[in-house]
Amino acid sequence: MDKNGFCYRFLRKVYRKIFKKEEATKKNNLNKEQFLKKLLVYDVISFDIFDTLLTRCLYEPDDLFYLIGEKLKDPEFFHKRKEAEKKANEVQKKDVNLTEIYSAYQELYGNNAKEIQKLEEELEILLCIPRKEMRDVFYDLKARGKTVILTSDMYLPKNVIIKMLEKCGYQDYDAFYLSNELDKRKDRKDIWPFLKTTYAGKKMVHVGDNENSDFLFPREFGIDTIKIESGKSLFSQLNIATYTQEFLQNHNISNSYLLGLLINQKMFNSPFAQFQISSLEDFGFVFHAPILFEYLTFIIKGTKQADQLLFLAREGYYLQKLYQQYCHIFKKIPKENTYFLASRKATIMANLKTETDLMELLNNEFKGKISSFFKQVLEINYSDEDFMVELPKDKEKVAFYLKKYEKQIFQASKVAKDNYLLYAKEVLGDYQKKNLAIIDLGYSGTIQYQLTKLMKKEMEGFYVTNSSHVKRYHKNSKLNFLFDIAENEEYKKIYHYSLILEYFLSAPYGQLLHFDQKNNVAVPVYNSEEMDEEKRRSLETIFNSVIEFFQQVEEVSNYFSFQPDKELLCRIYVCLIEENLVSRKVKDQFSFTDSFCADQTRNVFKIISRY
């Protein structure tokens, strides 16, 4: 193993930090019911607002200023905005509000201060999201007649924060104490005696995420406190934070927005969240959606010259739907697109012409009885001695029997080829005159290789990733990989764990075996695998989570172009699996059947040794 590589460094640091992870788990052992029970003994419950009741879809709150700078095409805006706030505080000698900050900005830089202030307020409202379990607690307290107040150190105008609260579903609080209105702050400690006097004789507790201003300082004035963790704080206790941190150093707003969505909206939206992803909704959003968004962006950019896109079965079933939804959401004009029936088994079977073809077949993986191999891969009745085989290890044993049944195999292959070409003509028309683009997850390009050989036509392929052994029909065959291992060694992990993507991108019927011909029409024949209702619901759940991610990105598309670093996407994808951040409950739902490789149902996470 390369000792300078990511994989080695990753494993080394995991073992070094194992105790850190165990300690993090101990810290987060309070659940919502226990938390509510603690609060019910008080008359007045004070809540911090930001990162307590609501949060933002950004990794760092101040990244909002980089976002504004990107929108304004002003790389210095962050520093200008900070300098204006500093000057406003110096001049006003009090806790300032946003209008006062932008008055200082106008004096310092003299350009469009009011418009920029409006943009900042607009983005704050757009990017805020509720911490849903905190909202549940909030309304449980109100329902039990408790006095619930809000206490915040913040420069935003009260009317803007109220809009943020309303958007996040918070209403009916009893009072709202805002530092820039009262000129009293939590971190300056002058708000606490004020609240103590205001609610004299009442038993009070304050809840917030800041160690000093929300937890330690109120206690100096006899106010009880309960500290809850922000999403970022919970995330930082995991090793995955170490491997994503470098991508935040250059303040790429796309990286910040991506991590903000994953952490604050899903993984650690709840301050009571455990350190594993325990629902398919969250797993689909955090694991599948970022990769698939980037892949579809890659496809749209790369297929501008294509006449027709072929989304290969079975992964193409949901990929085509996602492509169509992506185009709809982002207002792109879709190319003509077809869900094209294909499988390794069907395309290889249609191309068996020589003994060399038969021997190449034995390089593919298969584990089961030799009779199953003949039935499932070749659809030939095998009548000799039956025994277990594992390919390619046992290919010499199997080669003997392939040669024995050679004539039957070639006859069946000729029929398979004629019927497959009939199907291609039916769905593609005169495909020799079209610029066709194949869309598939990738692996080693087997199906593109076989289709090119079958149709005697070069096609361009667009894949998520590639393996170390890529087949090309011609040396100049066009293969495009979003995560090309020739570009970055880390991308090998994308390939290694791509079965998890393949599980989701499944059609609701079995693998294509071959085409029959009835009344001069090609009729597909599938294996007997059927998708049960539980798996169908699971796939729809993941699909809807991916669409939710697309919609979230579209909401900010007028402000910046979402282009996260591919290396960051890879790190998230890999670390979620290798740090065991997916619960057993979720893993148990990832079972599938591929009769080309085996004659039994298998679990994806067991195959990749991450169960």
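Me: What is the strand order of the open sheet of five strands that includes strand 12?

Reply: This is a predicted model, in which local features need pLDDT of at least 70, side-chain atom pairs count only at pLDDT 80 or more, and totals for chains, interfaces and linings use all residues. Residues are numbered from 1 along each chain as its sequence is written, and side-chain values use heavy atoms, without hydrogens and water. Strands (E, at least two residues) and helices (H or I, at least four) are DSSP runs numbered from the N terminus, and two strands pair if DSSP finds at least two bridges between them. The pairing in this sheet is parallel, and the order is 9-8-12-13-14.

Me: Why is one side of strand 9 and of strand 14 left without a neighbour in the sheet?

Reply: Strand 9 spans 336-340 and strand 14 spans 479-483. They stand at the edges of the sheet, so one side of each is left free, because each has a single partner strand.

Me: What is the average twist from one strand to the next in this sheet?

Reply: Axes are lines fitted to C-alpha atoms, for helices over the stretch in contact, and angles between N-to-C directions run from 0 to 180 degrees. From one strand to the next, the twist averages 25 degrees.

Me: Which residue in strand 9 stands opposite Leu 312?

Reply: Strand 8 (residues 308-312) pairs with strand 9 in the parallel sense over five bridges. Opposite Leu 312 in strand 9 stands Phe 340.

Me: What angle does helix 22 make with strand 9?

Reply: Helix 22 (residues 406-428) packs on this sheet and touches strand 8, strand 9 and strand 12 (436-440). Contact means heavy atoms within 4.5 Å. The directions of helix 22 and strand 9 make an angle of about 155 degrees.

Me: How many residues of strand 13 are buried?

Reply: Strand 13 pairs in the parallel sense with strand 12 over four bridges, and with strand 14 over four bridges. Asp 440 has Tyr 463 as its bridge partner in strand 13, while Thr 465 stands opposite Phe 483 in strand 14. Buried means under 20% relative accessible area, with a 1.4 Å probe and protein chains only. Strand 13 is mostly covered, and of its six residues the number buried is five.

Me: Is Leu 454 buried or exposed?

Reply: Leu 454 sits in helix 23. Helix 23 (residues 446-455) lies across strand 8, strand 9, strand 12, strand 13 (460-465) and strand 14, at about 150 degrees to strand 12. Leaving aside neighbours within four places in sequence, Leu 454 is in contact with Ala 350, Asn 351, Lys 417, Tyr 420 and Leu 421. Its relative accessibility is 3%, so Leu 454 counts as buried.

Me: Which residue in strand 7 stands opposite His 206?

Reply: A five-strand open sheet has the order 5-4-1-6-7 with parallel pairing. Strand 5 (175-178) and strand 7 (224-227) are at its edges, each with a single partner strand, and the twist averages 20 degrees from one strand to the next. Strand 6 (residues 204-208) pairs with strand 7 in the parallel sense over four bridges. Opposite His 206 in strand 7 stands Thr 225.

Me: Which helix gives the largest share of the lining of the second largest pocket?

Reply: On a 1 Å grid over the protein atoms alone, a pocket is an open set of points with protein on both sides within 12 Å along at least five of seven lines, a cavity is a set where a 1.4 Å probe fits but cannot get out, and lining residues have an atom within 4 Å of a point. The second largest pocket holds about 590 Å³, where volume is the space filled by probe spheres set on points joined across faces, edges and corners. Of its 24 lining residues, the closest to the centre are Phe 50, Asp 153, Met 154, Arg 185 and Asn 210. Helix 5 (77-92) and helix 12 (211-219) each give two or more residues, and the largest share, three residues, comes from helix 5.

Me: What is the volume of the second largest cavity?

Reply: There are two cavities of 30 Å³ or more. The second largest is lined by Phe 235, Ile 240, Thr 244, Leu 259, Leu 262, Met 267 and Ile 572, with three residues, the largest share, from helix 15. The volume of this cavity is about 40 Å³.

Key:
Buried means under 20% relative accessible area, exposed over 50%, partly exposed in between (1.4 Å probe, protein chains only).
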